[in-house]
Amino acid sequence: AYRVFATGNTTAVFQFESRGMRELLTRARPDRFEDIIALVALYRPGPMDLIPDFIDRKHGRSFEYLHSLLEPILRPTYGIMVYQEQVMQAAQVCAGYSLGGADLLRRAMGKKKPEEMAKQRAIFVEGAATKGIGEAKANEIFDYMEKFAGYGFNKSHAAAYALVAYHTAYMKAHHPAAFMAANLSAVMDDTDKVQLFHEDARANDIRILPPDINTGEYRFVPVDGGSVRYGLGAVKGTGESAIESILAARREGGPFRDLFDFCRRIDTRLVNRRVVESLVRAGAFDSIDKDRARIFASVGIALGAAEQAMRSANQSSLFGGAAESSVPALALVDAQWTEHELLQHEKTALGFYLSGHPFTAYRAEFANVVRTPLARLAPPPMDEPNRGVVLGGVVDSIRFQKTQSGRMIVLMLSDETGSQEITVYSEVFDQYRDIVREDAVLVVEAKLR
């Protein structure tokens, strides 16, 4: 679990999902619960200024406590006051405050009212004298406490967050497939988050198996310790009632043998043509027949034949069932999709590419200029804050943002390894407007920041 934190592998880990927090984790490399609590408390405006000191001290840089009485209080945070409770404990230990009085002192320090602070300073110095602390040192300690009291975080609050974060990291470390299935199911209506978790699953060697009408469920389910079956309910254009109807038909009659058997057994009032076509696009019929183009082209015929068979059965029942209704044998319509078309259909149904990626076909062609897959991009060294890099990929999405300096365009570029947001300023975008569009293959010369 601590390795999950220390490597910044915290996508889907409570409180530690943001890019900034992940970068902080790789620098801090927490290896005990107190570190997790401290990072929850420090990663906020104000306390963030203390983070470099915290990390340096954790990794061995020497420091001194203002007074030996403060050592047991500040040892867990390497001599830095991080929590409100530490301010209160310092007042109690160094100046004889009661905990109630120490809380009043903490509040006064937070509000920074001069007259109240002067009154509290006098009480603190007087109390510190009874502990053998001289006036100069007492004032120094008081100033130190005042500095941190303004933005100190409540430790009990941070500890509660940290405990949930640790539990989440434990699940990710020890039950990765079940953890990923649960997280994917929780966000199955949000394509962007499904794609994010899919990429994280791949980075953690968890296979996301395609949707399957014969083995899939409404939600994402773990198949074994290293794979998850895609939830049928996460296919666009389906809906819970349609999928539950399909699952009920499968439970009653066993696996579907082919498209025509599927259409005969489902309730077409709940499962219409759009639902079936979405499932075909997503690859949910691949276990029956991998030729998605032929199945897709045959959906209308299959549904029509199913309705005809239903009418014939009803008519036979109406007239006593003396005559057997015959359903002619049907064959799939001939059709073909290119690999690019197949992937575009898949993206329409899932919101992203699952079985492959369009950029794979261009990888060899661009090998001389595009040497870094998107998933392997790393922050630049401190001495090269704007290092140049050449990237290649497919434009997944384009969004426009207004800034103080004008308009800015954010491209989501993806390849077979992952995706990356790229900022393009309006003058550059205008120059290349004709080629920068969704699903276009681009080579981009960029600065890595």
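In what order do the four strands of the open sheet run, and is their pairing parallel or antiparallel? In this predicted model, the order is β6-β5-β4-β7, and the pairing is antiparallel. Strands β6 (419-425) and β7 (441-448) sit at the edges, each pairing on one side only. Going from one strand to the next, the twist averages 55°.

Inside that sheet, β4 covers residues 387-403 and β5 covers residues 406-414, and the two pair in the antiparallel sense over nine bridges. To pick out one position, S397 has M412 in β5 as its bridge partner.

Now for the helices, starting with α6 and α7. Helix α6 takes in residues 84-95 and helix α7 residues 99-111; they pack with their axes 8 Å apart, at an angle of about 120°. Because of that angle, α6 counts as oblique to α7. As for handedness, α6 and α7 make a right-handed crossing. On the α6 side, the contact draws on Q84, V87, M88, A91 and Q92, while α7 brings L99, A102, D103, L105, R106 and M109. Sorted by class, this contact of α6 with α7 comes out as seven nonpolar residues, two polar and two charged.

Helix α7 also meets α8 (residues 114-130), and here the axes come within 10 Å and cross at roughly 140°. That angle is why α7 is oblique to α8 as well. The crossing of α7 with α8 is left-handed, whereas that of α6 with α7 is right-handed. From α7, the residues involved are L105, A108 and M109, and they meet E116, M117, Q120 and F124 of α8. L105 and M109 also appear on the α7 side of the contact with α6. The residues joining α7 to α8 split into five nonpolar, one polar and one charged.

Further along the chain come α11 (residues 176-186) and α12 (residues 191-203), whose axes cross at roughly 170° and come within 9 Å. The cut-off for roughly antiparallel is an angle over 145 degrees, and α11 and α12 are therefore roughly antiparallel to each other. Three residues of α11, namely M180, N183 and L184, meet V194, F197, H198, D200 and A201 of α12. By class, the contact of α11 with α12 holds five nonpolar residues, two polar and one charged.

Conventions
Residues numbered from 1 in each chain as written. Predicted model: local features only at pLDDT ≥ 70, side-chain atom pairs only at ≥ 80, totals over all residues. Heavy atoms only, no water. Axes fitted to C-alpha atoms, helices over the stretch in contact; angles between N-to-C directions. Parallel < 35°, antiparallel > 145°, perpendicular 65-115°, else oblique. Left-handed = near helix turned anticlockwise from the far one by under 90°. Contact = heavy atoms within 4.5 Å. Nonpolar A, V, L, I, M, F, W, Y, C, P; charged D, E, K, R; others polar. Pairing = 2+ DSSP bridges.
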